[in-house]
Amino acid sequence: MSETQKSIYYPNKAFAKEARIKNMCEYHELQNWAHEDYEGFWDHYAKEKINWIEPYHTVLDESKAPFVKWFDGGRLNVSVQCIDRHLVDKKNKVAIIFEGDNGDQQMITYLSLSQKVNRFANMLRNQFGVKKGDRVVIYMPMIPEAAYAMLACARIGAIHSIVFGGFSAEALRDRIEDAQAELVITADGAYRKGKPYLLKNVVDEALCGSTPVKKVCVIERNHEEISWVSGRDYSYNELVANESSECEAESMESEDPLFLLYTSGSTGKPKGVQHNCAGYILWAQMTMEWVFDVKADDTYWCTADVGWITGHTYIVYGPLAMGATTVMFEGVPTYPDAGRCWKMVEEHKINQFYTAPTAIRVLHKTGEHEPAKYDLSSLKVLGTVGEPIDPPAWKWYYEAVGGSNCAIVDTYWQTETGGHVVSPLPGATPIKPACATFPLPGIMAEVVDEEGNKKEAGEQGLLCITRPWPSQIRNVWGDEERYVKSYFGDVTKNGKPVYFSGDGAIYDEEGYITITGRTDDVINVSGHRMGTAEIEAAIKKSSDVAEVAVVGKPHEIKGEGIFAYVVLKNEENLGELIETMKAINNVIKHEIGNIALCDDIVFVPGLPKTRSGKVMRRILRTIAKGEAVTQDTSTLEDPAVVAQIESCVKNGVC
Ligand code: WT7
């Protein structure tokens with residue numbers, strides 16, 4: 001263990017004094033309360049935090065577990081929770097600060113947000129005929145209209161499904177089909193690194209052939225020339241102008257779906273993770289308050305993209321539910337230079353900054369001394385999410401960015417958990433670098449074995465959440481069986497299935513939890529989840545490929561890189577292999593998008609398979625890392641293939 005990992009960093013005393021959770025005693029009190037009176041705990045917060053249209057009669061109904069109901073009987077509207085209730089005392093407070101790639105800015109007050117969202121919602125209802133329960137796919141850049149679109153759907157009870165703008169037409173088409181969406185909201189494009197790029201053309205490609213989509217709503221951002229299908233494509237800017245800024249919010253049941261977000265699993269196609277209204281918004285708000293401890297006059301910035309769960313919960317829903325000022329940034333952290341983020345922190349006086357380890361590593365590498373050029377004294381809390389952060393990056397973040405004066409919250413959670421589940425509390429938790437520390441109050445996260453027995457310190461185990469919690473996934477869209485199998489199939493406690501995250505974790509002597517990474521065939525590239533099965537399915541579409549196995553390999557910047565072992569149908573000469581490599585990456589680009597491009601492709605004569613035909617990925621992971629294979633290879637159908645693969649990797653190609 002390195003020096004940094006051993007150290008403990010205590011919360012800043014002045015900060016702790018003002019924090020919502022001020023010390024570990026208060027943390028334990030809350031956690032004990034939840035242990036002793038689980039429903040009472042959640043009942044208290046649901047009553048305190050949510051503006052109910054009608055009160056609920058049951059806090060938690062587990063009678064059909066793992067299909068659970070929170071706050072049954074209650075009615076609310078998430079857009080009212082995020083906007084209308086703030087119009088009483090925060091009408092002129094800035095809700096969203098938008099900064100474009102080129103530095104253009106918009107300050108959107110809660111009043112203005114209300115008007116924009118209501119107009120958008122009226123347009124969806126009146127012009128596009130969207131009704132409660134309809135699915136709407138949003139394929140958008142990072143512009144405020146993405147947030148308006150989400151909140152407008154929430155206002156009229158439509159279920160949004162955002163597809164990250166980096167996904168290909170094929171990936172977009174799959175998600176549209178699975179959700180059976182009839183409307184896509186998109187933009188002409190946006191700006192990245194000073195240049196315009198297009199999105200609408202990807203939508204056009206996705207909608208070739210038969211599709212459930214009837215209409216496309218196009219927002220103008222960069223005014224580039226785009227093609228137009230009359231009768232299908234409509235201009236937001238033209239339509240929305242005629243709509244009223246008043247719009248009645250749909251009264252939603254607690255368990256009505258709020259949104260779907262597709263994520264990768266270890267097998268098959270992406271899963272539509274379904275989140276429902278009440279439980280999700282409650283925990284989004286509570287974690288904003290506890291984990292970032294945002295105060296009335298604070299400005300908070302999360303650099304994620306709205307296409308991922310972090311963007312949903314911690315750019316839009318969480319900050320707005322608590323009435324905060326949230327920053328939305330169209331650009332990238334390294335443009336025009338590696339000081340961009342710090343310039344923005346100085347200019348907007350950012351108090352909480354939340355980003356991914358990949359971004360921290362890039363900024364550390366390319367602009368180690370950049371933070372010193374700016375006044376970062378407004379910062380109080382720094383957050384990281386998405387993957388384990390390595391101690392050197394952590395240390396730089398703590399010292400160079402935080403001036404050794406800010407808490408770092410290493411927040412562990414997933415698309416499925418809706419919000420943070422294991423994380424330090426900035427005013428309470430003595431932090432250890434690169435450690436997610438303790439379960440948040442109310443979350444029964446434990447490191448256990450398959451029978452639910454708690455693991456001893458130092459023993460690797462499975463990170464489970466042993467009681468339902470309000471913001472948990474409710475279903476895999478259209479596939480109840482997959483929901484049960486994916487999350488409640490591996491671990492039981494007292495004979496009952498419990499939620500298994502798919503991650504390994506380990507306690508230290510003081511009970512701190514460190515996440516050790518996925519235990520399944522999911523790899524984490526730059527904080528984005530990729531299923532190896534999905535990448536393999538894409539590569540197999542290449543006509544030259546007979547067999548393929550994909551594994552993760554440690555990568556300096558991305559955390560994990562994608563390493564593909566490919567068996568070709570015909571042996572080819574070296575020149576052709578390079579072409580084949582390019583062709584394989586082109587197929588991936590077409591099927592999934594640039595985020596899934598392989599870092600390494602190695603052609604091999606065969607894959608290490610057991611006699612029953614199962615590929616031994618562990619061996620492939622070891623070889624990809626450049627380590628010697630020490631695993632038992634005697635059970636392989638052809639043990640000699642291991643040495644052949646090793647030599648292929650050494651030589652680059654077979
Ligand atoms: C997976 C979830 C949660 C928003 C972004 C990713 C990994 C997440 C941490 C962390 C170590 C982490 C896990 C998890 N992960 N946070 N703080 N330390 N690993 O959401 O795409 O659903 O991915 O990201 O492996 O299962 P996601």
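Domain bounds here come from an automatic or database domain assignment. In this predicted model, the assignment divides the chain into the three parts listed below.

| Domain | Residues |
|---|---|
| domain 1 | 37–331 |
| domain 2 | 445–518 |
| domain 3 | 522–651 |

This report deals with the interface of domain 1 and domain 2. Their C-alpha centres are 28 Å apart. On the domain 1 side, 29 residues take part in the contact, and on the domain 2 side, 18 residues do.

The size of an interface is often given as the accessible area lost when the parts come together. Between domain 1 and domain 2, about 2,100 Å² is buried, and carbon and sulfur atoms give 60% of this area. Within the area that domain 1 buries against domain 2, Pro66, Phe67 and Lys271 supply 28%, more than any other three residues.

Polar and charged groups also meet across the interface. There are 11 residue pairs in polar contact, with both residues at pLDDT 80 or more. The count of salt bridges between domain 1 and domain 2 is 2. Arg474 forms a salt bridge with Glu255, and their closest N and O atoms are 2.9 Å apart.

Which elements give two or more residues to the side of domain 1 that touches domain 2? Among them are the helices α4 (38–49), α8 (169–179) and α11 (277–292), and the strands β1 (58–64), β2 (67–72), β14 (257–263) and β15 (271–276). The largest share of this side, 6 residues, comes from β15. By residue type, the side of domain 1 that touches domain 2 has 16 nonpolar, 7 polar and 6 charged residues.

Definitions and conventions: Residues are numbered from 1 along each chain as its sequence is written. This is a predicted model: local features need pLDDT of at least 70, side-chain atom pairs count only at pLDDT 80 or more; totals for chains, interfaces and linings use all residues. Side-chain values use heavy atoms; hydrogens and water are left out. Contact means heavy atoms within 4.5 Å. Buried area is the accessible area (1.4 Å probe) that two parts lose on being put together, summed over both. A salt bridge is a side-chain nitrogen of Lys or Arg within 4 Å of a carboxyl oxygen of Asp or Glu. A polar contact is a pair of N or O atoms within 3.5 Å; within protein, one must be able to donate a hydrogen and the other to accept it, and residues adjacent in sequence count only if both atoms are side-chain atoms. Helices (H or I, at least four residues) and strands (E, at least two) are DSSP runs, numbered from the N terminus. Ala, Val, Leu, Ile, Met, Phe, Trp, Tyr, Cys and Pro count as nonpolar, Asp, Glu, Lys and Arg as charged, and the others, Gly among them, as polar.
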